[in-house]
Amino acid sequence: MTKSEEQGSGGGKRTIAIVGAGIIGVSIACRLAREHDQVLLVDPLAPGSATSFGNAGHIATEQIFPLASPETILAAPRLLFGRNSPMHIRPEYALKIAPWLLRFTWASRPSAFRRGVQALKSLQERSQESIEALCADEGVSDLLRMRGHLVIAESKKALGELEARHLLLQRHGIESVILTSDEAAARASFLKPGVAGALLLPRTGHVLDPHRLCTRLHERFSEAGGQTLRARVDNIETPGDGSFVLRHEGGRIEAGKLILAAGARSAPLARQLGHAVPLDTERGYHVTAEGAPDLGGIAVESHERRIIMTPMDCGLRIAGLVEFGGLDLPPNPRRHGDLKRHLRELAPDLELGELSEWMGFRPSLPDMLPVIGESPANPNAIFAFGHQHLGLTLSAITADLVADLAAGRKPSVDLSPFRPDRF
Ligand SMILES: Cc1cc2nc3c(=O)[nH]c(=O)nc-3n(C[C@H](O)[C@H](O)[C@H](O)COP(=O)(O)OP(=O)(O)OC[C@H]3O[C@@H](n4cnc5c(N)ncnc54)[C@H](O)[C@@H]3O)c2cc1C
């Protein structure tokens with residue numbers, strides 16, 4: 001526990017309270033601590049212990065197409081019921097997720113999808129610059145490796161799909177290169193032989209340890225004078241003068257501004273601030289081969305299997321899968337089994353060592369866009385959650401935008417597609 005965690009804080013009207021210390025919350029905390037002297041981060045867990053702990057570490061700056069798309073709807077029967085599918089609905093949660101899935105279907109219509117692409121692109125155009133700047137400013141650039149990543153195709157048909165994606169990305173100004181089988185093998189020597197080809201995305205990257213990124217950013221926040229309180233915010237009261245009282249088991253915190261960055265658990269607190277957002281979770285899984293040798297290379301995504309393998313300091317991590325099962329059901333061991341099978345099939349000769357397992361909760365809205373912006377009911381409440389598959393990638397640009405809002409500056413991105421009352 002750091003000194004600032006021991007001290008806790010009762011806050012005050014000049015305090016900016018950030019609820020949630022995942023990658024979104026700690027990135028915002030770092031940015032705010034540079035401009036404000038009373039910033040308080042509140043979380044019952046140590047920084048980066050929830051979903052930001054175990055993601056694939058991919059800085060996916062090329063992903064400008066929301067998953068709510070006509071293409072996903074066309075693929076839905078295969079995705080939901082196919083053998084070895086990367087997407088599952090837990091039967092116990094099927095009724096609960098049904099309204100979310102209906103909204104997702106509506107958000108996938110062509111006109112909404114086109115608007116979603118423009119919105120996501122407006123964030124992604126700045127995401128690389130933002131994360132490089134945040135890491136440089138906070139002295140953590142050693143954890144960031146922006147050397148691109150590879151999407152492999154195992155069949156001729158899949159390679160044709162990658163060629164089509166290459167042309168589409170080109171139309172949007174995103175650099176990519178089609179590689180032959182041999183060229184792909186040269187970039188990822190651990191891969192099984194006989195891959196049909198690959199798409200190289202040279203402007204993407206990965207982090208060497210997503211959890212360490214959070215803890216190191218948090219250390220920098222504390223060094224800059226930021227305070228941290230280990231507590232779960234149960235209630236938010238709004239006394240009527242634009243300020244907030246945050247209630248937790250050990251007491252109360254007063255704050256003049258509030259940033260809500262509680263990931264997949266943000267919805268109940270947003271409701272108390274007057275916004276019913278249809279936030280649910282796409283659960284995802286990882287397996288880390290802790291004994292894999294230092295591969296030193298780039299991340300490798302499989303187009304057909306929809307998983308990604310990232311070389312990290314802690315080993316080779318394979319991550320992915322989407323499971324609709326809410327926040328309370330235990331992980332399904334079969335999903336870890338699926339990832340281990342993919343790993344053994346894709347890297348048959350690789351020494352894997354111990355395999356550690358993990359599951360996390362992607363915070364997802366049905367239109368697959370985050371909520372970033374002020375509450376229309378009280379502009380002192382700023383929302384920053386719902387980053388679905390892209391929370392690490394979009395963490396720093398989100399922090400920049402929230403810092404602009406908190407300081408009363410005009411944000412560099414039009415935030416209307418991300419407003420909390422869009423549903
Ligand atoms: C398998 C998997 C792979 C992924 N791979 C990638 C990837 O390669 N690249 C990428 O960009 N993204 C990836 N993601 C998505 C990314 O991990 C998430 O979008 C991101 O971690 C969300 O960050 P967050 O800070 O919003 O949430 P979290 O990390 O979940 O943090 C939220 C914090 O809020 C706290 N909190 C909750 N309720 C309260 C409360 N009432 N009071 C106080 N605190 C509270 C929690 O304790 C938690 O610490 C992946 C996700 C998964 C599951």
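In this predicted model, Gly284 makes contacts with Ala319, Gly320, Leu321, Val322, Gly360 and Arg362, when its neighbours within four places in sequence are left aside. Gly284 belongs to strand S14, a strand that spans residues 280–289. With 23 other C-beta atoms within 10 Å, Gly284 is buried, because a residue counts as buried once 20 or more such atoms lie within that distance. A further relation across the chain links Gly284 to Ile308, which is 24 residues away in sequence and 12 Å away in space, C-alpha to C-alpha.

One of the contact partners of Gly284 is Leu321, a residue of strand S17, which covers residues 315–324. Leu321 has 24 C-beta neighbours inside 10 Å and is therefore counted as buried. Its backbone deserves a remark, since the phi angle of Leu321 is near 70°, a positive value in a residue other than glycine. A positive phi, of about 55°, also occurs at Arg306, which is likewise not a glycine. Arg306 is placed in the loop that joins strand S15 (299–302) to strand S16 (307–312), and with 15 C-beta neighbours inside 10 Å it counts as partly exposed.

The loop between S14 and S15 contains Glu290. This residue has 15 other C-beta atoms within 10 Å and is accordingly partly exposed, the class that lies between the limit of 12 or fewer for exposed residues and that of 20 or more for buried ones. Not counting residues up to four places away in sequence, Glu290 touches Cys314, Gly315, Gly353, Glu354 and Ser356. For Cys314, which stands 24 residues from Glu290 along the chain, the separation of the two C-alpha atoms is 5.8 Å.

Gly284 also appears in the description of the ligand, which is surrounded by 43 residues, the closest being Gly20, Gly22, Gly263, Gly284 and Gly391. Two or more residues of this shell are supplied by each of helix H2 (23–33), strand S14 (280–289) and strand S18 (355–364). Sorted by class, the shell consists of 21 nonpolar, 18 polar and four charged residues. The ligand lies between domain 1 and domain 2, because both domains give residues to the shell around it.

These two domains are each assembled from separate stretches of the chain, domain 1 from residues 3–53, 211–278 and 368–418, and domain 2 from residues 61–109, 144–206 and 281–364. Their C-alpha centres are 29 Å apart, and the contact between them involves 17 residues from domain 1 and 15 residues from domain 2. On the side of domain 1 that touches domain 2, eight residues are nonpolar, eight are polar and one is charged.

A second buried position is offered by Ile16, which is located in strand S1, residues 11–19. Ile16 is classed as buried because 26 other C-beta atoms lie within 10 Å. Apart from neighbours within four places in sequence, the residues in contact with Ile16 are Leu32, His36, Gln38, Val39, Ala255, Gly256, Lys257, Ile259 and Ala406. Phe244 lies 228 residues from Ile16 along the chain, while the C-alpha atoms of these two residues are separated by 9.9 Å.

For the protein as a whole, 11 helices and 20 strands are found. Its C-alpha atoms fill a box of roughly 65 × 45 × 40 Å along the principal axes. The radius of gyration is 21 Å, which agrees with the value near 22 Å that a compact globule of 423 residues would have. Of these 423 residues, 48% count as buried. Among the contacts with a separation of 6 or more, 77% are between residues 24 or more positions apart.

The confidence of the prediction is summarised by a mean pLDDT of 95, with 98% of the residues reaching 70 or more. Residues 1–8, however, have a pLDDT below 50, and in the model this stretch has 11 contacts beyond near neighbours in sequence. Where pLDDT is low, predicted coordinates should not be read in detail.

Definitions and conventions
Residues are numbered from 1 along each chain as its sequence is written. This is a predicted model: local features need pLDDT of at least 70, side-chain atom pairs count only at pLDDT 80 or more; totals for chains, interfaces and linings use all residues. Helices (H or I, at least four residues) and strands (E, at least two) are DSSP runs, numbered from the N terminus. Two residues are in contact if their C-beta atoms, placed from the backbone, lie within 7 Å. A residue is near a molecule or strand if its C-beta atom, placed from the backbone, lies within 6 Å of it. Ala, Val, Leu, Ile, Met, Phe, Trp, Tyr, Cys and Pro count as nonpolar, Asp, Glu, Lys and Arg as charged, and the others, Gly among them, as polar. Domain bounds come from an automatic or database domain assignment. The radius of gyration is taken over C-alpha atoms; the globule rule is 2.2 Å times the number of residues to the power 0.38. pLDDT is the predictor's confidence in each residue, from 0 to 100.
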